[in-house]
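Biologist: I should like to learn how to read a structural model feature by feature. Could we begin with one residue and then widen the view?

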Amino acid sequence: MRQQQFEADNQPLWDEIAQMMDDLQRTRGKRRLSRAQQLRFPARYRQLCSHYALARSRGFSPTLIEQLHGLVLRGHPLLYRQRGGWRWRLLHFILGGFPRAVRRNRVYFALSLLCFLLPALLMGSGCYLQEDLIYTVMDEYMVAEMESAYDPANNHPGRSSERSSESDFTMFGYYILNNIGIGFRTFATGILLGVGTLFILLFNGLVIGAVAGHVSRLGYHETFWPFVSGHGSLELTAIVICGAAGLLLGQAVVAPGQRSRVQALREHAGEALQLVMGAALMLLAAAFVEAFWSSGALQPTAKYIVAALLWSGVILYLSLMGRGSRGSR
Amino acid sequence: MEAGLTEGRSIHRLDTVRRYEIPEGVLLDFRLAGPVVRACAWAIDAALRGLLYLILALLMALFGGVGTALMLIGFFLIEWFYPVVFEIYNGATPGKRAMGILVIQDNGTPVTPSASVIRNLLRAADFLPFLYAAGLVTMLINREFKRLGDLAAGTLVVYRDRQQERIQPPVSATSKPPVELSEDEQLTLLAFAERGETLSIGRRRELAELLSDQTGLRGGDAVEALYAYANWILKGR
């Protein structure tokens, strides 16, 4: 068959497909195609593909091939796209997907926890025993500011003296910007052979341990521990989970096993994303607790009770939630 | 465009066309976007983001503490999710759109939400140690211009194909080529006929006169002769 006849025979089909695609691309407004017509799209599309292949193999003119290629290229994403249902997926994720992902990657979680907790404990006891050690991780100005923030004379831990309840909101925004950002960076820098993640975990462990040890040494228990114990449950756990996600990326690059590095990276990234998104939700909750509860002026006892509830809640959620009857762990 | 005509030739090694075979058994060509065009897109987006930050800051200054909170949350969302929102919605941020490029999955389908989130969170790593140095190095050492985020998410940045009007070959006489032509030669003639009108007259003649040894014609006559052969290939006698 010569090209001109081929074109004359099939032009109506190509026009029809082009029109169908215009319709399918329309996200709003009324569609011109009925449901039955839409269902014909896959069959028409495959016909178009065979025309394209035919035009190529018979050596028809380049612009015809390009025109058909353009149609095929446009149709491909329309046929294979996925859409919708994100609310349900989010709910399922919170109710089971996320804790399951954490348990699936418990080795990474444990490693991340170790990288955070070990320096924190060492530095914490060091700073508790020795006064000057804090200056190895913080400069004088920061130490002075931190000391005044937790000084019982200021009465409201976590707030400077002029801080009002309106600034609770401000701090909520600040915690989101800062803490979730740190969580995301902890994850992302894992792709650099895991080094970035390890650095952030170790560094945060050192600083947090140093502050806790130093402040306890000064005898500010009454202000520091009631303030941090509540949101710490969500915040620290979430950072450790982000660390686990970063280590997943790092492992894919350093030791991909039987797969190519790129393939290992893609598989691990999908897994790590679940951890990061869950951790981001936890950090959001932590920001809420930190801004509106931790800074409140209630008795330390009340703070400790809520903190105990939050810690056991986090641990129970991550270890038990989403264990199904069908053996899903 | 010539990529389609020279399958399997060494020309592909120099080209930035990436081929992907779809389930229907045909090959799709994607033209990969390189570092320069992507940097331009990024610069446009950076300017837009700066503008958004400014508007947000000015607007929220009116609402006191709660306003500051909303501003900071807005900063957070713009910093991390500005590209994600646009990429999920239409495959490209405004900057990419302006540069005529878009993000797709490796298999040619639209970028999925999770892939978009992965590639944009990993900007934090690509950016290190300054101004996307890590991303640039990664782009230059793999053949698909992928930065770290693209590698992890399995995404490509390609040129948005602009749908071209088909140029009809000029109406002319039809005559049989004097010698038997191979398929490649036939295609070259067709390409000449279809694109001839977009070239200047001088260039058209210059090209046609490459065959003067065979046709024995020069100038406008040589062009007409080639058109006539192309017509014969299209229509037959």
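Modeller: Let us take B:Ala41 in this predicted model. A residue counts as buried if 20 or more other C-beta atoms lie within 10 Å of its own. B:Ala41 is buried because 23 other C-beta atoms lie within 10 Å.

Biologist: In which helix does B:Ala41 lie, and which residues does B:Ala41 touch beyond those up to four places away in sequence?

Modeller: B:Ala41 belongs to helix α2 (residues 35–60) of chain B. Setting aside residues up to four places away in sequence, B:Ala41 touches B:Gly95, B:Lys96, B:Ala98, B:Met99 and B:Ile101. By contrast, B:Gly64 stands 23 residues from B:Ala41 along the chain, and 35 Å separate their C-alpha atoms.

Biologist: How many residues of helix α5 of chain B are buried?

Modeller: In helix α5 (residues 113–121) of chain B, 7 of the 9 residues are buried, and the helix is mostly covered. Among them are B:Ala115, B:Val117, B:Arg119 and B:Leu121.

Biologist: How should I read a nonpolar core?

Modeller: In soluble globular proteins, nonpolar side chains tend to be buried together. Here the largest nonpolar core holds 107 residues, of which A:Ile241, A:Val276 and B:Ala152 touch the most other members. Helix α10 (residues 221–254) of chain A gives this core its largest share, 17 residues. A second, separate core has 15 residues, including B:Leu189 and B:Ile233.

Biologist: Which residues is A:Val276 in contact with, leaving aside neighbours within four places in sequence?

Modeller: With those neighbours left aside, the contacts of A:Val276 are A:Gly183, A:Phe184, A:Phe187, A:Cys242, A:Ala245 and B:Leu121. B:Leu121 is also one of the buried residues of α5(B).

Biologist: How many residues does each chain bring to the contact between the chains?

Modeller: Chain A brings 51 residues and chain B brings 50 residues. On the side of chain A that touches chain B, α1, α3, α4, α8 and α11 of chain A each supply at least two residues. The most come from α8(A), with 15 residues. By class, this side of chain A has 26 nonpolar, 17 polar and 8 charged residues.

Biologist: What are the domains of each chain?

Modeller: Chain A is assigned domain 1 (3–80) and domain 2 (86–320), with centres 53 Å apart, taken over C-alpha atoms. Chain B is assigned domain 1 (2–31), domain 2 (35–159) and domain 3 (183–235). The centres of domain 1 and domain 2 of chain B, again over C-alpha atoms, are 28 Å apart. Each of these two domains of chain B gives 6 residues to their contact. On the side of domain 1 of chain B that touches domain 2 of chain B, β2(B) gives the most, with 3 residues. That side has 4 nonpolar, no polar and 2 charged residues.

Biologist: How do strands β1 and β2 of chain B pair?

Modeller: In a regular strand the side chains alternate between the two faces of the sheet. Strand β1 (residues 17–21) and strand β2 (residues 27–31) of chain B pair in the antiparallel sense over 5 bridges. B:Arg18 is opposite B:Phe30 in β2(B). The hairpin has 5 residues between the strands, and B:Gly25 takes a positive phi near 85°.

Biologist: Which elements of chain A have the lowest and the highest mean pLDDT?

Modeller: Where pLDDT is low, the predicted coordinates should not be read in detail. Chain A has a mean pLDDT of 88, with 91% of its residues at 70 or more. Among the elements of chain A, helix α2 (residues 35–39) has the lowest mean, 77, and helix α6 (residues 106–129) the highest, 96.

Definitions and conventions: Residues are numbered from 1 along each chain as its sequence is written. Chains are lettered from A and ligands numbered from 1 in the order in which they are written. This is a predicted model: local features need pLDDT of at least 70, side-chain atom pairs count only at pLDDT 80 or more; totals for chains, interfaces and linings use all residues. Two strands pair if DSSP finds at least two bridges between them. Helices (H or I, at least four residues) and strands (E, at least two) are DSSP runs, numbered from the N terminus. Domain bounds come from an automatic or database domain assignment. Two residues are in contact if their C-beta atoms, placed from the backbone, lie within 7 Å. Ala, Val, Leu, Ile, Met, Phe, Trp, Tyr, Cys and Pro count as nonpolar, Asp, Glu, Lys and Arg as charged, and the others, Gly among them, as polar. pLDDT is the predictor's confidence in each residue, from 0 to 100. A residue is buried if 20 or more other C-beta atoms lie within 10 Å of its own, exposed if 12 or fewer, and partly exposed in between; C-beta atoms are placed from the backbone. A nonpolar core is a set of buried Ala, Val, Leu, Ile, Met, Phe, Trp, Tyr and Cys residues joined through C-beta atoms within 7 Å.
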